[in-house]
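Reader: Hello! I have the sequence and the model open side by side, and I would like a close look at one part of it. Could you walk me through a salt bridge, its partners and its surroundings?

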Amino acid sequence: MASHRRLKQPGRARVTVLTATAAAAVALTSQAANAAPSEKPSKDEVKSKVDKLYEEAEKATEKFNGAKEKQQKLEKQVDRLQDKVARGQDDLNDMRSGLGSLASAQYRSGGIDPSLQLFLSSDPDSYLDKASALDQLSTKQAEALKKIQAKQRTLAQQRKEAFDKLADLATTREELGKKKREVQGKLGEAQRLLNSLSAKERAALKAKEDHASRAAERKASDAADAPKTEAPKGGVKGSSRTMAAYAAAQSKIGSPYVYGASGPSSFDCSGLTSWAYAQADVSIPRTSQAQANFGTRIASQSDLKVGDLVIFYGDLHHVGFYAGNGQVLHAPRTGAVVRYESINNMPFQFGVRI
(Lines give C-alpha, C1' and ligand atoms only; values in the text may rest on other atoms or scores of the structure.)
Protein backbone atom coordinates (compact mmCIF):
# COMPACT_ATOMS: atom_id res chain seq x y z
CA MET A 1 0.00 0.00 0.00
CA ALA A 2 1.49 3.34 -1.09
CA SER A 3 2.24 5.80 1.63
CA HIS A 4 0.83 9.37 1.43
CA ARG A 5 3.01 12.29 2.53
CA ARG A 6 1.51 15.58 3.64
CA LEU A 7 2.70 18.72 1.91
CA LYS A 8 5.09 20.69 4.04
CA GLN A 9 3.72 23.97 5.34
CA PRO A 10 5.78 27.04 4.42
CA GLY A 11 7.92 28.37 7.14
CA ARG A 12 7.29 31.68 8.86
CA ALA A 13 10.31 33.32 7.20
CA ARG A 14 9.09 32.29 3.76
CA VAL A 15 5.61 33.70 4.45
CA THR A 16 7.17 36.98 5.53
CA VAL A 17 9.20 37.27 2.30
CA LEU A 18 6.16 36.52 0.10
CA THR A 19 4.08 39.05 1.99
CA ALA A 20 6.73 41.73 1.61
CA THR A 21 7.09 41.02 -2.14
CA ALA A 22 3.34 41.26 -2.67
CA ALA A 23 3.19 44.50 -0.72
CA ALA A 24 6.00 45.97 -2.84
CA ALA A 25 4.20 44.97 -6.04
CA VAL A 26 1.01 46.62 -4.85
CA ALA A 27 2.94 49.77 -3.93
CA LEU A 28 4.61 49.93 -7.36
CA THR A 29 1.28 49.42 -9.11
CA SER A 30 -0.24 52.18 -7.04
CA GLN A 31 2.64 54.52 -7.81
CA ALA A 32 2.38 53.80 -11.54
CA ALA A 33 -1.34 54.48 -11.46
CA ASN A 34 -0.93 57.73 -9.58
CA ALA A 35 2.21 58.94 -11.44
CA ALA A 36 1.73 62.13 -13.40
CA PRO A 37 1.85 61.54 -17.17
CA SER A 38 4.86 63.00 -18.99
CA GLU A 39 4.26 66.52 -20.18
CA LYS A 40 3.01 66.82 -23.73
CA PRO A 41 5.14 69.17 -25.88
CA SER A 42 3.51 72.52 -26.52
CA LYS A 43 2.25 73.64 -29.91
CA ASP A 44 5.25 75.95 -30.34
CA GLU A 45 7.71 73.19 -29.36
CA VAL A 46 6.14 70.84 -31.88
CA LYS A 47 6.29 73.52 -34.58
CA SER A 48 9.97 74.18 -33.83
CA LYS A 49 10.79 70.47 -34.12
CA VAL A 50 8.71 70.09 -37.28
CA ASP A 51 10.39 73.11 -38.89
CA LYS A 52 13.79 71.61 -38.11
CA LEU A 53 12.78 68.29 -39.66
CA TYR A 54 11.45 70.07 -42.75
CA GLU A 55 14.76 71.90 -43.13
CA GLU A 56 16.69 68.62 -42.84
CA ALA A 57 14.32 67.03 -45.35
CA GLU A 58 14.93 69.88 -47.79
CA LYS A 59 18.71 69.46 -47.47
CA ALA A 60 18.26 65.80 -48.33
CA THR A 61 15.86 66.76 -51.14
CA GLU A 62 18.46 68.90 -52.91
CA LYS A 63 20.96 66.04 -52.66
CA PHE A 64 18.24 63.74 -54.00
CA ASN A 65 17.70 66.17 -56.90
CA GLY A 66 21.42 66.24 -57.62
CA ALA A 67 21.63 62.43 -57.66
CA LYS A 68 18.55 62.23 -59.86
CA GLU A 69 19.99 64.75 -62.33
CA LYS A 70 23.28 62.85 -62.39
CA GLN A 71 21.43 59.60 -63.00
CA GLN A 72 19.58 61.06 -65.98
CA LYS A 73 22.82 62.38 -67.50
CA LEU A 74 24.58 59.06 -66.97
CA GLU A 75 21.72 57.14 -68.56
CA LYS A 76 22.00 59.30 -71.69
CA GLN A 77 25.79 58.89 -71.77
CA VAL A 78 25.51 55.12 -71.36
CA ASP A 79 22.95 54.93 -74.18
CA ARG A 80 25.22 56.93 -76.49
CA LEU A 81 28.27 54.82 -75.64
CA GLN A 82 26.40 51.57 -76.13
CA ASP A 83 25.21 52.81 -79.54
CA LYS A 84 28.82 53.68 -80.43
CA VAL A 85 30.02 50.24 -79.36
CA ALA A 86 27.30 48.54 -81.39
CA ARG A 87 28.10 50.61 -84.52
CA GLY A 88 31.83 50.07 -83.98
CA GLN A 89 31.34 46.32 -83.77
CA ASP A 90 29.38 46.38 -87.03
CA ASP A 91 32.18 48.38 -88.69
CA LEU A 92 34.77 45.94 -87.36
CA ASN A 93 32.82 42.97 -88.70
CA ASP A 94 32.65 44.65 -92.12
CA MET A 95 36.41 45.27 -92.05
CA ARG A 96 37.12 41.66 -91.17
CA SER A 97 34.84 40.50 -93.96
CA GLY A 98 36.66 42.79 -96.41
CA LEU A 99 40.01 41.46 -95.24
CA GLY A 100 38.78 37.91 -95.86
CA SER A 101 37.88 38.85 -99.43
CA LEU A 102 41.34 40.34 -99.97
CA ALA A 103 42.99 37.21 -98.58
CA SER A 104 40.93 35.00 -100.89
CA ALA A 105 41.86 37.11 -103.90
CA GLN A 106 45.50 36.98 -102.92
CA TYR A 107 45.40 33.20 -102.58
CA ARG A 108 43.78 32.84 -106.00
CA SER A 109 46.36 35.16 -107.60
CA GLY A 110 49.46 34.04 -105.76
CA GLY A 111 49.04 30.41 -104.95
CA ILE A 112 52.23 29.47 -107.01
CA ASP A 113 55.70 30.76 -106.32
CA PRO A 114 56.16 34.00 -108.37
CA SER A 115 59.48 32.92 -109.99
CA LEU A 116 57.94 29.61 -111.15
CA GLN A 117 54.89 31.45 -112.45
CA LEU A 118 57.16 33.71 -114.55
CA PHE A 119 59.10 30.71 -115.90
CA LEU A 120 55.92 28.86 -116.89
CA SER A 121 54.08 31.87 -118.21
CA SER A 122 53.51 31.95 -121.96
CA ASP A 123 52.94 35.68 -121.69
CA PRO A 124 55.58 37.29 -119.39
CA ASP A 125 54.06 40.75 -119.84
CA SER A 126 50.68 39.49 -118.68
CA TYR A 127 52.30 37.83 -115.69
CA LEU A 128 54.13 41.02 -114.67
CA ASP A 129 50.82 42.87 -114.76
CA LYS A 130 49.34 40.24 -112.44
CA ALA A 131 52.32 40.44 -110.11
CA SER A 132 51.90 44.19 -109.84
CA ALA A 133 48.23 43.75 -109.00
CA LEU A 134 49.18 41.14 -106.39
CA ASP A 135 51.61 43.56 -104.76
CA GLN A 136 48.90 46.23 -104.62
CA LEU A 137 46.56 43.66 -103.11
CA SER A 138 49.10 42.92 -100.35
CA THR A 139 49.44 46.65 -99.63
CA LYS A 140 45.65 46.98 -99.30
CA GLN A 141 45.61 43.98 -96.99
CA ALA A 142 48.24 45.57 -94.74
CA GLU A 143 46.29 48.82 -94.61
CA ALA A 144 43.11 46.92 -93.81
CA LEU A 145 44.87 45.13 -90.96
CA LYS A 146 46.05 48.45 -89.52
CA LYS A 147 42.52 49.84 -89.69
CA ILE A 148 41.13 46.75 -87.96
CA GLN A 149 43.72 47.03 -85.18
CA ALA A 150 42.91 50.73 -84.68
CA LYS A 151 39.19 49.96 -84.62
CA GLN A 152 39.70 47.21 -82.07
CA ARG A 153 41.59 49.61 -79.79
CA THR A 154 38.85 52.25 -80.12
CA LEU A 155 36.15 49.68 -79.46
CA ALA A 156 37.95 48.38 -76.35
CA GLN A 157 38.23 51.94 -75.03
CA GLN A 158 34.54 52.64 -75.66
CA ARG A 159 33.55 49.38 -73.96
CA LYS A 160 35.62 50.30 -70.90
CA GLU A 161 34.09 53.79 -70.80
CA ALA A 162 30.59 52.31 -71.03
CA PHE A 163 31.44 49.82 -68.25
CA ASP A 164 32.72 52.63 -65.99
CA LYS A 165 29.62 54.72 -66.68
CA LEU A 166 27.38 51.76 -65.85
CA ALA A 167 29.22 51.29 -62.54
CA ASP A 168 28.85 55.00 -61.79
CA LEU A 169 25.17 54.77 -62.68
CA ALA A 170 24.64 51.87 -60.27
CA THR A 171 26.32 53.86 -57.46
CA THR A 172 24.21 56.92 -58.25
CA ARG A 173 21.00 54.90 -58.21
CA GLU A 174 21.97 53.52 -54.80
CA GLU A 175 22.65 57.06 -53.53
CA LEU A 176 19.31 58.19 -54.95
CA GLY A 177 17.51 55.46 -53.02
CA LYS A 178 19.25 56.41 -49.77
CA LYS A 179 18.37 60.09 -50.15
CA LYS A 180 14.78 59.22 -50.95
CA ARG A 181 14.51 57.11 -47.80
CA GLU A 182 16.14 59.89 -45.76
CA VAL A 183 13.64 62.48 -47.02
CA GLN A 184 10.70 60.16 -46.40
CA GLY A 185 11.97 59.40 -42.89
CA LYS A 186 12.22 63.09 -41.96
CA LEU A 187 8.81 63.87 -43.40
CA GLY A 188 7.25 60.88 -41.64
CA GLU A 189 8.69 61.97 -38.30
CA ALA A 190 7.40 65.51 -38.84
CA GLN A 191 3.94 64.20 -39.66
CA ARG A 192 3.88 62.09 -36.48
CA LEU A 193 4.69 65.19 -34.44
CA LEU A 194 1.93 67.16 -36.13
CA ASN A 195 -0.51 64.34 -35.53
CA SER A 196 0.24 64.59 -31.81
CA LEU A 197 -1.41 68.05 -31.79
CA SER A 198 -5.11 68.52 -31.41
CA ALA A 199 -7.20 69.60 -34.37
CA LYS A 200 -7.56 73.02 -32.74
CA GLU A 201 -3.79 73.41 -32.37
CA ARG A 202 -3.16 72.39 -35.97
CA ALA A 203 -5.78 74.88 -37.14
CA ALA A 204 -4.12 77.64 -35.11
CA LEU A 205 -0.73 76.92 -36.71
CA LYS A 206 -2.25 76.98 -40.19
CA ALA A 207 -4.09 80.24 -39.50
CA LYS A 208 -0.85 81.85 -38.34
CA GLU A 209 0.95 80.73 -41.51
CA ASP A 210 -1.89 81.92 -43.75
CA HIS A 211 -1.88 85.33 -42.08
CA ALA A 212 1.90 85.71 -42.60
CA SER A 213 1.54 84.60 -46.23
CA ARG A 214 -1.19 87.18 -46.95
CA ALA A 215 0.89 89.94 -45.36
CA ALA A 216 3.91 88.98 -47.49
CA GLU A 217 1.75 88.94 -50.63
CA ARG A 218 0.50 92.46 -49.91
CA LYS A 219 4.07 93.73 -49.48
CA ALA A 220 5.19 92.08 -52.73
CA SER A 221 2.18 93.54 -54.52
CA ASP A 222 3.04 97.01 -53.19
CA ALA A 223 6.60 96.64 -54.52
CA ALA A 224 5.33 95.60 -57.95
CA ASP A 225 2.92 98.55 -58.16
CA ALA A 226 5.33 101.21 -56.89
CA PRO A 227 7.11 103.45 -59.48
CA LYS A 228 10.79 102.63 -59.93
CA THR A 229 11.82 106.04 -58.57
CA GLU A 230 10.00 105.26 -55.33
CA ALA A 231 11.42 101.79 -54.81
CA PRO A 232 15.13 101.79 -55.64
CA LYS A 233 15.84 99.10 -53.07
CA GLY A 234 12.96 96.76 -53.64
CA GLY A 235 10.87 97.39 -56.72
CA VAL A 236 13.38 97.63 -59.56
CA LYS A 237 12.70 94.85 -62.04
CA GLY A 238 15.18 92.57 -63.74
CA SER A 239 15.63 91.80 -67.45
CA SER A 240 12.74 90.79 -69.69
CA ARG A 241 13.61 87.09 -69.49
CA THR A 242 14.05 87.28 -65.74
CA MET A 243 10.64 88.90 -65.43
CA ALA A 244 9.13 86.26 -67.74
CA ALA A 245 10.51 83.57 -65.40
CA TYR A 246 9.22 85.43 -62.35
CA ALA A 247 5.77 85.77 -63.94
CA ALA A 248 5.75 82.02 -64.62
CA ALA A 249 6.50 81.39 -60.93
CA GLN A 250 3.72 83.80 -59.92
CA SER A 251 1.29 81.77 -62.04
CA LYS A 252 2.01 78.79 -59.77
CA ILE A 253 1.14 80.47 -56.46
CA GLY A 254 -0.88 77.96 -54.45
CA SER A 255 0.73 74.89 -56.05
CA PRO A 256 1.82 72.31 -53.46
CA TYR A 257 5.41 71.65 -52.44
CA VAL A 258 6.44 68.08 -53.29
CA TYR A 259 10.05 66.99 -52.86
CA GLY A 260 11.77 66.15 -56.14
CA ALA A 261 9.01 67.82 -58.19
CA SER A 262 9.72 70.35 -60.94
CA GLY A 263 6.26 71.15 -62.26
CA PRO A 264 3.98 71.80 -63.77
CA SER A 265 1.53 71.08 -60.93
CA SER A 266 3.86 70.71 -57.92
CA PHE A 267 7.37 71.85 -57.04
CA ASP A 268 10.23 71.83 -54.59
CA CYS A 269 12.28 75.02 -54.20
CA SER A 270 14.76 74.55 -57.05
CA GLY A 271 12.12 72.76 -59.10
CA LEU A 272 10.07 75.97 -59.15
CA THR A 273 12.97 78.23 -60.17
CA SER A 274 14.31 75.88 -62.87
CA TRP A 275 10.79 75.31 -64.27
CA ALA A 276 10.02 79.04 -64.29
CA TYR A 277 13.21 79.90 -66.18
CA ALA A 278 12.49 77.14 -68.69
CA GLN A 279 9.20 78.91 -69.47
CA ALA A 280 11.33 81.95 -70.41
CA ASP A 281 13.50 79.76 -72.68
CA VAL A 282 16.42 79.93 -70.26
CA SER A 283 18.03 76.70 -69.06
CA ILE A 284 19.44 76.79 -65.53
CA PRO A 285 20.72 73.91 -63.34
CA ARG A 286 18.27 71.81 -61.35
CA THR A 287 19.63 72.11 -57.79
CA SER A 288 19.83 75.18 -55.55
CA GLN A 289 23.58 74.70 -55.04
CA ALA A 290 24.21 74.65 -58.80
CA GLN A 291 21.89 77.62 -59.34
CA ALA A 292 23.85 79.53 -56.71
CA ASN A 293 26.93 79.30 -58.93
CA PHE A 294 25.24 79.90 -62.27
CA GLY A 295 24.76 83.66 -62.57
CA THR A 296 26.20 86.88 -61.16
CA ARG A 297 26.25 87.01 -57.37
CA ILE A 298 24.55 89.91 -55.59
CA ALA A 299 25.99 90.27 -52.11
CA SER A 300 23.63 92.84 -50.62
CA GLN A 301 19.86 92.59 -50.24
CA SER A 302 19.61 96.27 -51.10
CA ASP A 303 20.99 95.54 -54.59
CA LEU A 304 18.46 92.83 -55.42
CA LYS A 305 16.02 93.30 -58.29
CA VAL A 306 12.63 91.65 -58.67
CA GLY A 307 13.16 88.25 -60.29
CA ASP A 308 16.68 87.69 -58.98
CA LEU A 309 17.26 84.29 -57.40
CA VAL A 310 17.79 84.40 -53.64
CA ILE A 311 19.94 81.74 -51.95
CA PHE A 312 19.46 80.76 -48.29
CA TYR A 313 21.34 78.76 -45.62
CA GLY A 314 25.06 78.14 -45.35
CA ASP A 315 24.94 74.99 -47.48
CA LEU A 316 22.81 76.82 -50.11
CA HIS A 317 19.99 74.27 -49.92
CA HIS A 318 17.11 76.70 -50.53
CA VAL A 319 16.32 79.09 -53.38
CA GLY A 320 13.48 81.41 -54.35
CA PHE A 321 12.70 84.52 -56.42
CA TYR A 322 13.13 88.01 -55.00
CA ALA A 323 9.68 89.63 -55.07
CA GLY A 324 10.61 93.15 -53.94
CA ASN A 325 10.01 94.96 -50.67
CA GLY A 326 11.92 92.37 -48.65
CA GLN A 327 9.80 89.43 -49.86
CA VAL A 328 10.56 86.21 -51.72
CA LEU A 329 8.36 83.99 -53.86
CA HIS A 330 9.24 80.36 -53.33
CA ALA A 331 8.16 76.78 -52.69
CA PRO A 332 8.87 76.63 -48.94
CA ARG A 333 8.55 73.05 -47.69
CA THR A 334 6.31 70.00 -47.42
CA GLY A 335 2.82 70.91 -46.26
CA ALA A 336 3.04 74.39 -47.77
CA VAL A 337 2.31 75.86 -51.19
CA VAL A 338 4.15 78.24 -53.52
CA ARG A 339 3.78 81.61 -51.80
CA TYR A 340 5.34 84.90 -50.77
CA GLU A 341 7.32 85.13 -47.56
CA SER A 342 9.63 87.56 -45.78
CA ILE A 343 13.25 87.26 -46.88
CA ASN A 344 14.19 87.50 -43.21
CA ASN A 345 12.46 84.23 -42.30
CA MET A 346 15.54 82.34 -43.51
CA PRO A 347 19.30 82.99 -43.33
CA PHE A 348 20.02 85.00 -46.50
CA GLN A 349 23.34 84.22 -48.23
CA PHE A 350 23.31 86.15 -51.51
CA GLY A 351 21.33 86.79 -54.66
CA VAL A 352 21.98 85.50 -58.16
CA ARG A 353 21.19 87.44 -61.32
CA ILE A 354 20.68 85.15 -64.31
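Author: Happy to! Let's start with Asp210 and Lys206, which form a salt bridge whose closest N and O atoms are 2.9 Å apart. Please keep in mind that this is a predicted model.

Both residues sit in helix H5, which covers residues 199-225, and because they are four residues apart there, about one helical turn separates them. How open is each partner to the surroundings, buried or exposed? Lys206 counts as exposed, at 51% relative accessibility; since the cut-off for exposed is over 50%, Lys206 with its 51% falls into that class. Asp210 is partly exposed, with a relative accessible area of 29%.

Now move to Glu209, which also lies in helix H5. The side chain of Glu209 meets that of Arg333 in a salt bridge, with 2.0 Å from N to O. Arg333 belongs to the loop between S4 and S5 while Glu209 is in the helix, so this pair ties together parts that are 124 residues apart in sequence. Glu209 is partly exposed, at 22% relative accessible area, whereas Arg333 is buried, at 15%. The pair does not stand alone: salt bridges with shared partners join Glu209, Arg333, Arg339 and Glu341 into one network.

It is worth staying with Arg333 for a moment. The loop that holds Arg333 runs between strand S4 (327-330) and strand S5 (339-342). Which residues does Arg333 touch, leaving aside its neighbours within four places in sequence? They are Asp51, Tyr54, Glu209 and Tyr257.

For another bridge within one helix, look at Glu182 and Lys179, where the closest N and O atoms are 3.4 Å apart. These two are three residues apart in helix H4, so they too are separated by about one helical turn. Glu182 is partly exposed, with a relative accessible area of 33%, but Lys179 is buried, at 16%. In total, the structure holds 14 salt bridges.

Helix H4, residues 124-195, is also the place of Lys160. Lys160 is exposed, with a relative accessible area of 53%. Its C-alpha atom is 9.8 Å from that of Leu81, although the two residues are 79 apart along the chain.

Charge gathers on the surface as well: Lys76, Arg80, Lys84 and Arg87 make up a patch of positive charge. One of them, Lys84, has its place in helix H2 (residues 43-109) and is partly exposed, with a relative accessible area of 41%.

For contrast, turn to helix H7, residues 269-279. Nine of its 11 residues are buried, so H7 is largely enclosed by the rest of the structure. Among those buried residues are Cys269, Leu272, Trp275 and Tyr277. After H7 comes Asp281, with a positive phi near 60°.

Finally, here is the wider setting. The protein has eight helices and six strands, and from the N terminus on, the helices come before the strands. Of its 354 residues, 34% count as buried. The accessible surface comes to about 21,500 Å², and 53% of that belongs to carbon and sulfur atoms. Among contacts between residues at least 6 apart in sequence, 71% join residues at least 24 apart.

Definitions and conventions
Residues numbered from 1 in each chain as written. Predicted model: local features only at pLDDT ≥ 70, side-chain atom pairs only at ≥ 80, totals over all residues. Heavy atoms only, no water. Buried < 20%, exposed > 50% of the residue type's maximum accessible area, 1.4 Å probe, protein only. Patch = residues over 30% accessible without salt bridge, like charges linked within 9 Å, V, L, I, M, F, W, Y side chains within 5 Å. Areas by Shrake-Rupley, 256 points an atom, 1.4 Å probe, with all protein chains shown as cover. Salt bridge = Lys/Arg side-chain N within 4 Å of Asp/Glu carboxyl O. Lys, Arg positive; Asp, Glu negative; His and termini not counted. Charge placed at Lys NZ, Arg CZ, Asp CG, Glu CD. Contact = heavy atoms within 4.5 Å.
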